[in-house]
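Me: Could you take me through one part of this structure slowly? I'd like a close look at the place where the ligand sits.

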Amino acid sequence: MDNKILQTKLEEGILLVTISRPKAMNALNTQFFNEMDELIASVKNNPEVKVMVITGEGKAFVAGADIAEMVNKDQAEGEAFSRLGQNTFRSLEKLEIPVIAAVNGFALGGGMELTMACDFRIAGTKAKFGQPEVNLGLIPGYAGTQRLSRLTNLGTALYLLMTADMIDAVEALRIGLVQKVVEQENLMGEVMKIAKNIASKGPQAIKKVKDVARRGYEMSLDEGADLEAKAFGTLFGENSEGREGMSAFLEKRKPEWK
Ligand code: CO8
């Protein structure tokens, strides 16, 4: 029996990662973070992987950090557990390739924080989002207090963080937390279609657009625009991807990416 929490499948350049601990609603424990760190390291060294998709098995995406593992922690251990998750999610966010969250069900607490570390979120109609930490006398610990306001706005973030309200996929779409809502039974089909579409684009361009948009978001407009100009230039060298893409257009053929 495979006791791994992360089940993976590589298909046409798309790495589908299923979080599989359904008896505990896929709650995030130390084993999860260790496996995710290993997976991120292996993806960095695998040029076959063009896009990563993360989903959950059963009725949850992830129902939060593992409360049973957290309950006996002291102050130093609590802080360390927070940093463990923060570091993993930050490395996930910094992967060069796109990472899509396919939100199939409950994405609560650390689970919602995981979706927010992905590049964008596609939700099935059964998806539910929430930051219920204050119900437990806690606060989010995987940078949810930071990412939620950046992805929506400060008022929306504070409302959700303070009320611990659980919202459905349509409300998540309305506040800009998710980018698309699809019928539950079509979720994985739709997400794979989106992932394959992205994987068909110039791979260097996709990596650059992620890098520039993400890093630029934390800079002034002038600094971000400078980053963009430099990245733009790199796509023009001899044998470059941009040259191939533009030539293919003019020659009315499909580009051949390296
Ligand atoms: N941790 C551990 N076990 C969990 C968790 C969790 N987060 N969520 C569910 N489970 C377990 C339940 O205990 C239950 O186990 P058992 O069968 O052994 O009793 C099993 O999963 C099934 O759960 P339910 O019976 O409750 O299933 P329901 O369908 O009735 O309810 C819910 C589903 C609504 C998802 C419900 O389980 C729930 O409310 N879960 C907790 C949600 C929550 O509060 N999440 C936030 C956790 S705190 C957090 O994420 C902080 C992140 C930052 C941490 C920083 C580190 C310090």
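Reply: Here's a walk around the ligand, followed by a salt bridge that involves a neighbouring stretch of chain. Keep in mind that this is a predicted model.

Let's start with the surroundings. The ligand has 24 residues around it, and the closest are K59, A63, A65, I67 and G110. Sorted by character, that shell holds 13 nonpolar residues, six polar ones and five charged ones. Several elements chip in: helix 2 (67-70), helix 3 (75-94), strand 6 (106-108) and helix 4 (110-117) each supply at least two residues. Helix 3 gives the most, with three.

Now zoom in on the backbone. A backbone N or O atom of A65 sits 2.8 Å from an oxygen atom of the ligand, while a polar backbone atom of I67 is 2.9 Å from one of the ligand's nitrogen atoms. K23 also has a polar backbone atom facing a ligand oxygen, at 3.4 Å. On its own the ligand would expose 1100 Å², and the protein buries 63% of that.

Next, look at D66. Its side chain forms a salt bridge with the side chain of R21, at 2.9 Å from N to O. R21 is in the loop between strand 2 (14-19) and helix 1 (30-44), and D66 is in the loop between strand 4 (60-62) and helix 2, so the pair ties together parts that are 45 residues apart in sequence. D66 counts as buried, because its relative accessibility of 8% is under the 20% cut-off. R21, at 22%, is partly exposed.

Notes: Residues numbered from 1 in each chain as written. Predicted model: local features only at pLDDT ≥ 70, side-chain atom pairs only at ≥ 80, totals over all residues. Heavy atoms only, no water. Near = heavy atom within 4 Å. Polar contact = N/O pair within 3.5 Å; in protein donor to acceptor, adjacent residues only side chain to side chain. Areas by Shrake-Rupley, 256 points an atom, 1.4 Å probe, with all protein chains shown as cover. Helix = DSSP H or I, 4+ residues; strand = E, 2+ residues; numbered from the N terminus. Nonpolar A, V, L, I, M, F, W, Y, C, P; charged D, E, K, R; others polar. Salt bridge = Lys/Arg side-chain N within 4 Å of Asp/Glu carboxyl O. Buried < 20%, exposed > 50% of the residue type's maximum accessible area, 1.4 Å probe, protein only.
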